[in-house]
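Please look over the sequence and the model shown here before reading the report that follows. The report begins with the ligand and then moves outward to the protein that surrounds the ligand.

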Amino acid sequence: MSRLGTETAFEVLVKARALEAKGRDIVHLEIGEPDFDTPRNVIDAGVKALQGGWTHYGPSAGLPKLREAVAHDAGGRRGVKVDPAEVVVVPGGKPIIFFAMLALIEEGDEVIYPNPGFPIYESMIDFVGGKAVPVPLREEMEFRLDVGELAALITDRTKVIILNSPQNPTGGMMTEQDVRDLAGVIGDRDIMVLSDEIYSRLIFEGKHFSIMSVDGMKDRTILLDGFSKTYAMTGWRMGYGVMRPDLATHVARLMTNSNSCTASFTQVAGIEALNGDQASVDNMNAEFRRRRDRFYAGINQVKGFSCLKPKGAFYMFPNIKETGWPSKKLADALLDDAGVACLSGTAFGAFGEGYLRFSVANSIENIEKALDRVSDWAKKNL
Ligand code: PLP
């Protein structure tokens, strides 16, 4: 159990709530979830499903109608044909990381993963006894992955490469050329790619390109996507993996052994999310863009902070090296002294030192309040 890591966002949230209980006013920019409500049509579909009796167990791999809808949507967006037998519906995107590592990694197998990156990758690689091999994401590269650097990390023991684009925590995005180059590097080696595309509908600049779309790569890719971020459905717990049918069978068996199935009424709502009106996705994107632009303009005025403009997702990852403060100490000080909750870059791995992560999943008013507070704090303390 000591190998299992955690997600600092939840710990900072607890600390921030404890300060609030003592009467402090805190601006929450720590947690990575849309602050919007789930779209009305999806809620209505969920309520109707509950009232209509969708309260029983369902198949471990997901309701056939939802698997069909996912196959159509996920395949269509990536220009590949996906069969429903290749889809496994799970409670959130996270279990796909868990199940992929359990299914594919033996003691000592190497997994290359982005660092800074979503902390659950490293945690799960360690947990199953794999060797976590970080590929640093560099600001000079706009936090795109350096394919040459990754190529140099591949060995005979490399089993899986984890990709995440658009990326948490940096907002960086791989270009189509990066993805094609990486597919070329993998060639016909016996390596699977876990492609975490949970932010693929949250893009401000450029176009998302999945490694699944490269000829010959579909069978080597496990696509992770879901409903949490795109449709503001974090608490519903629903995501999915798309993978070769033989692997899908094993992952469905892991579902049988762990969750039995994803909640049936949420899956019925998921069908509506995919097939219904997509206007709310566009509206949320437009609002996230407005917030990103506001935060970007403000944070670059703060002494000691400099920030790139993220291309996707809803995180800002300013460089704070000029402050001379270590990231964790600075994040703690901003919470304790300025009432702004954010995360240390090191919550996403060692290569996050020198950065902070702010989630802009909060109102413009609160973002402005946070910027004022951080700016005042910097004036007083730097
Ligand atoms: N992958 C990345 C990169 C994430 O940032 C998150 C959530 O923060 C997830 C996966 C998991 O999402 P879910 O809430 O659907 O499990």
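## Polar contacts of the ligand

In this predicted model, an oxygen atom of the ligand lies 2.6 Å from an N or O atom in the side chain of Ser228. Considered alone, the ligand exposes 400 Å², and the protein buries 94% of that area.

Two further contacts can be described in a similar way. A nitrogen atom of the ligand is found 2.6 Å from a polar side-chain atom of Asp196, whereas at Gly93 the partner belongs to the backbone, where a polar atom is 2.8 Å from an oxygen atom of the ligand.

## The shell and the pocket

Which residues come nearest to the ligand, of the 13 around it? They are Gly93, Asp196, Tyr199, Ser228 and Lys229, and three of these names, Gly93, Asp196 and Ser228, have already appeared in the polar contacts above.

When the shell around the ligand is sorted by class, four of its residues are nonpolar, five are polar and four are charged. The site that holds the ligand is the largest pocket.

## The protein as a whole

The secondary structure of the protein is made up of 12 helices and 12 strands, and the C-alpha trace spans about 60 × 55 × 40 Å along its principal axes.

Why can the protein be compared with a compact globule? A compact globule with 382 residues would have a radius of gyration near 21 Å, and the protein has 21 Å, so the two values agree.

## Backbone details in the loops

Two peptide bonds that lead into a proline deserve a look in the model. The bond from Asn115 to Pro116 is cis, with omega near 5 degrees, and Pro116 belongs to the loop that runs between strand E3 (110–115) and helix H5 (119–127). The bond from Ser165 to Pro166 is also cis, with omega near -10 degrees, and Pro166 is located in the loop between strand E5 (158–164) and helix H7 (176–186).

Another backbone detail concerns Arg237, which is not a glycine and yet has a positive phi of about 60 degrees. Arg237 is placed in the loop that lies between strand E7 (221–226) and strand E8 (239–242).

Conventions: Residues numbered from 1 in each chain as written. Predicted model: local features only at pLDDT ≥ 70, side-chain atom pairs only at ≥ 80, totals over all residues. Heavy atoms only, no water. Near = heavy atom within 4 Å. Polar contact = N/O pair within 3.5 Å; in protein donor to acceptor, adjacent residues only side chain to side chain. Areas by Shrake-Rupley, 256 points an atom, 1.4 Å probe, with all protein chains shown as cover. 1 Å grid on protein atoms, 1.4 Å probe; cavity = no way out; pocket = protein on both sides within 12 Å on 5 of 7 lines; lining within 4 Å. Sits in = over half its atoms within 2 Å of the grid points. Nonpolar A, V, L, I, M, F, W, Y, C, P; charged D, E, K, R; others polar. Helix = DSSP H or I, 4+ residues; strand = E, 2+ residues; numbered from the N terminus. Rg over C-alpha atoms; globule rule 2.2 N^0.38 Å.
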